[in-house]
Amino acid sequence: MADSKTKVNIKTSAPKSSSAQRASNGASSSTAMRLLNVEAMYGSFRAVNDVTLDIEAKSVTAFIGPSGCGKTTLLRTLNRMHETLPGATVKGSIQVGGTDLYDPSVDPVRVRRSIGMVFQKPNPFPAMSIAQNVSSGLRLSGTKSKRDVAEIVEESLRKAALWDEVKDKLNEPGVSLSGGQQQRLCIARTIAVEPEIVLMDEPCSALDPLATLKIEELIGELKTRFTIVIVTHNMQQAARVSDTTAFFNMGADRGGYLVETGPTNKIFTNPSNKLTEDYIAGRFG
Amino acid sequence: MIIVATLVAITLVLLEQTSVLWSFVDPLTFLTSGGWSEVESPAGEITASYGALPMLWGTLVTSIIGILVAAPVGIAAAIYLVEIAPKRLAIILTFLVEVVAAIPSVVVGLWALSELSPRLRDSIEWWIASTLGRVVPWLSEDSSNPANSSVFRAGIVLAIMVTPLVSALSREVIRSVPQSLREGLVGMGATKWETIRLVILPTARAGLISAVILAFGRAIGETVAVVLVIGGGATLIPPSLFQPGSTLAGQIAISYGDAGTVGKGALAGLGLVLLGLTLVLSTLARLMLSRSNRQGRS
Amino acid sequence: MRTNRIMLRIIQVATFVAVLPVFLILIAILAKGLGTLDLAFLVNNPLDEQVGIANAIKGSLAMTGIALLISAPIGIAAAIFLNEYASTAVQRIGDTLVDILLGVPSIVAGLFIFLLVVPALGYNGYAGALALSVLMTPVVIRTTQEVLRLVPAGLREASLALGVPMWRTTIFVTCRTALSGILTGLVLALSRGIGETAPLLLTAQGSNDSVIDLGAPLSSMTIVIYNNTISSDPIKFAQAWTCALVLFAIALTLNVLIRFKTINSRVL
């Protein structure tokens, strides 16, 4: 069961939750996250301009757009990773469960326990075994009894569709797996701490097509339990995998801005914005 | 924690300074004269005369001799190991060159005193003294009683000790010359030597100079190996390279035991000069290295 | 071209010259040192009937060991601070300072402790250890820094993204990954410390006591070699060679250890 006292208090998608609070935010009951006028800066350079959008709960939202348009930067603001880079700042507000993640009283470490991230290049900890990797989030940020940990490791590996392949070698180093397996290991590690939202930054770009397919299938299963936001430069992947798509583009000031967002079907077949249409048709990017 | 590191560095310098008793010698005289004595009269009066010039001269000259030999040899060895030698030979030879650096300096000193010094004296020194030495006084020797220690031999010992450093640093610099430059020349039909001369050396120049400066800095700080071969306690600048001399480091090592109150101050003074030299050299080296970083990346 | 061949030949000869001293020194050490080497030499003390260097060996190990105990925590902590927590400006200052410390001649370190500690406490082993740690700490800092830099940023990010606080990330992820490299750095510092003579002369001075008392003058292998070398007694001179052999064997072992570890940790 999730250790809720270590997380930002997030209530998601239960239709019976207090609608008064939700109504005052103007959010629908199935919104996991609201972005309001979010901007991300590297020093004085504005990498992401004024983004306002809603992330729907227990679904997959894709950020697409040409390279350099700030999608990854924006993603990293969602779990307060952007600010770990020297000189990087964020403006605006990101609301999860009624709390602004960027409120001064909020501890970024706790934010990251509730919002997990899978990176482009699989990065299992080399000094740890497979089992240790999966449990690392638990062990390093809270205490669990040994029995609990073993159960959670197995459960997470099953949810990440990796259990069958590694159940006999849980003590082997995490880096001994293939690229696709390593990425699933990282996913297992991320979901082991039971975040509400999982962010994925081009999770398949370093993998071969077969491994990519496996991960895409996995995302389809995961979305019943987690809200997923995925950045991808592969349009077809976005079309296959996501429920909602947000299209970003690079402006004249080299900063990124949100062009259009909507249900994936609509974006890909009948976008409202001409730029979106051009991008989908491959006329640029 | 960084504060600790800072403090240590600064305290080092500061403390030495406060220990220098300038009441007897003024800085300029210290740096420009010789002599090393302190006498305390029964009445408690101290007459002291301390001059660092001979040691400064000794340190610089031995290190220069050392570098004059170590630089070409070290750089040439680096070129050979990186550009010419077949892989396996290179690995073995690299290891061997590095081993010298692993030998504790006192052991090198022992060997130099016992084996190298007499042999150098009877061969090279004798040869140069009897030819050029007839004409150039500072290359002469007293042929009836050739010295047991000499500045020249100390320089050679330094050369041996510092060559691995020059070689290691130069290897790094040469290796960082982009492959594309080499290929460009080879594609035009240049020989190995031409490639080295026309592309590799010029590109690596700043880095190599920095390596040499760093090695020079190492050489001036070397104490034991030098002091065993250069002779102890010469308080004046020797008339010839083939006579005993003294160095800043060596003088500290020899006279620390009998140092009186002023003497300790004089030692601190020597230390300051030594430290100052080291600082200047390492700054120079770093400047050169940053220049090479700016030019070398294509 | 003939120039080509001549120049290449010259370069080859130069390399040969660079390597030559190794053989000469090695052969000399073996030839002259093996003669007096026996178990008694290693186990006895200078005042025993059969002279030995046991006190010197213990002294070397003790002082270098204590120096490491001082240098390791300070050095590793400083490296962690510089690499993981410091801003770029502070990093640059720190790097410069470490460079300066690395370049301090060993005798100056000895002189520093000599002027600072010896007038009050006399020559003793602790002073010797202090002088050594002045020289060893920058080595630890530099090597630890370099290994920490090799840890991919992605690992730190993964840990932070899991909600692990920064200090825990640094200890349990970054350092754990860099561990073997850090240990190699410690061995490197150790090998520098054990070969030093000048600083110990000025601080521990040396003694013939068979009892190892760190609060009193202490001997080391390097001091023994030095003192025996400058003596006019041929027997002592021979013993200098033997002690040199022992010291060199230890130094070489440490050095080879380092090389093996470096090659292995390249896998990282």
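In this predicted model, the side chains of A:D164 and A:K167 come together in a salt bridge, with an N to O distance of 3.6 Å. The acidic partner, A:D164, is exposed at 61% relative accessibility, while A:K167 is partly exposed at 39%. A second pair in chain A, A:E260 and A:K266, also meets in a salt bridge, here at 3.9 Å from N to O. In this pair A:E260 counts as buried, because its relative accessibility is 9% and the cut-off for burial is under 20%. Its partner A:K266, in contrast, is partly exposed at 36%.

Chain C offers a further case. The closest N and O atoms of C:E84 and C:R156 are 2.6 Å apart, and the two residues form a salt bridge. C:E84 belongs to helix α3 (residues 54–85) of chain C and C:R156 to helix α8 (residues 153–161) of that chain, so this pair ties together parts that are 72 residues apart in sequence. Both C:E84 and C:R156 are buried. Elsewhere, salt bridges with shared partners link B:R286, C:D95, C:D99, C:R142 and C:R149 into one network, a set that draws on chains B and C. Over all chains, the count of salt bridges comes to 25. As a general point, side chains of opposite charge can pair when their charged atoms come close.

Attention now turns to the nonpolar interior. In soluble globular proteins, nonpolar side chains tend to be buried together. The largest nonpolar core here has 131 residues, and those with the most contacts inside it are C:I107, C:F114 and C:I225. Which residues does C:I107 touch, not counting residues up to four places away in sequence? On the chain B side, they are B:T223, B:A249, B:I252, B:A253 and B:L274, and within chain C they are C:A198 and C:L202. Apart from the largest core lies another core, of 51 residues, which includes A:L101, A:M117, A:L199 and C:C175.

A tryptophan in chain B deserves a short look of its own. B:W193 sits in helix α8 (residues 192–221) of chain B. With a relative accessible area of 14%, B:W193 is buried, because that value falls under the 20% cut-off. Leaving aside neighbours within four places in sequence, B:W193 is in contact with C:T3, C:N4, C:M7 and C:I11 of chain C. Within its own chain, B:W193 and B:P238 are 45 residues apart, and their C-alpha atoms are separated by 42 Å.

Helix α8 of chain B also takes part in enclosing empty space. Rolling a probe the size of a water molecule over the atoms shows where empty space is left. A search of the whole structure finds two cavities of 30 Å³ or more, and the second largest cavity holds about 30 Å³ of space. Its lining consists of B:T59, B:T62, B:S63, B:L158, B:A219, B:I220, B:E222, B:V226 and B:T247. The elements giving two or more residues to this lining are α3 (53–84) and α8 of chain B, and the largest share, three residues, comes from α3(B). What is the make-up of the lining of the second largest cavity by class? There are four nonpolar, four polar and one charged residues.

Key:
Residues numbered from 1 in each chain as written. Chains lettered and ligands numbered in written order. Predicted model: local features only at pLDDT ≥ 70, side-chain atom pairs only at ≥ 80, totals over all residues. Heavy atoms only, no water. Core = buried A, V, L, I, M, F, W, Y, C linked by side-chain atoms within 4.5 Å. Buried < 20%, exposed > 50% of the residue type's maximum accessible area, 1.4 Å probe, protein only. Contact = heavy atoms within 4.5 Å. Salt bridge = Lys/Arg side-chain N within 4 Å of Asp/Glu carboxyl O. Helix = DSSP H or I, 4+ residues; strand = E, 2+ residues; numbered from the N terminus. 1 Å grid on protein atoms, 1.4 Å probe; cavity = no way out; pocket = protein on both sides within 12 Å on 5 of 7 lines; lining within 4 Å. Points joined across faces, edges and corners; volume = space filled by probe spheres on them. Nonpolar A, V, L, I, M, F, W, Y, C, P; charged D, E, K, R; others polar.
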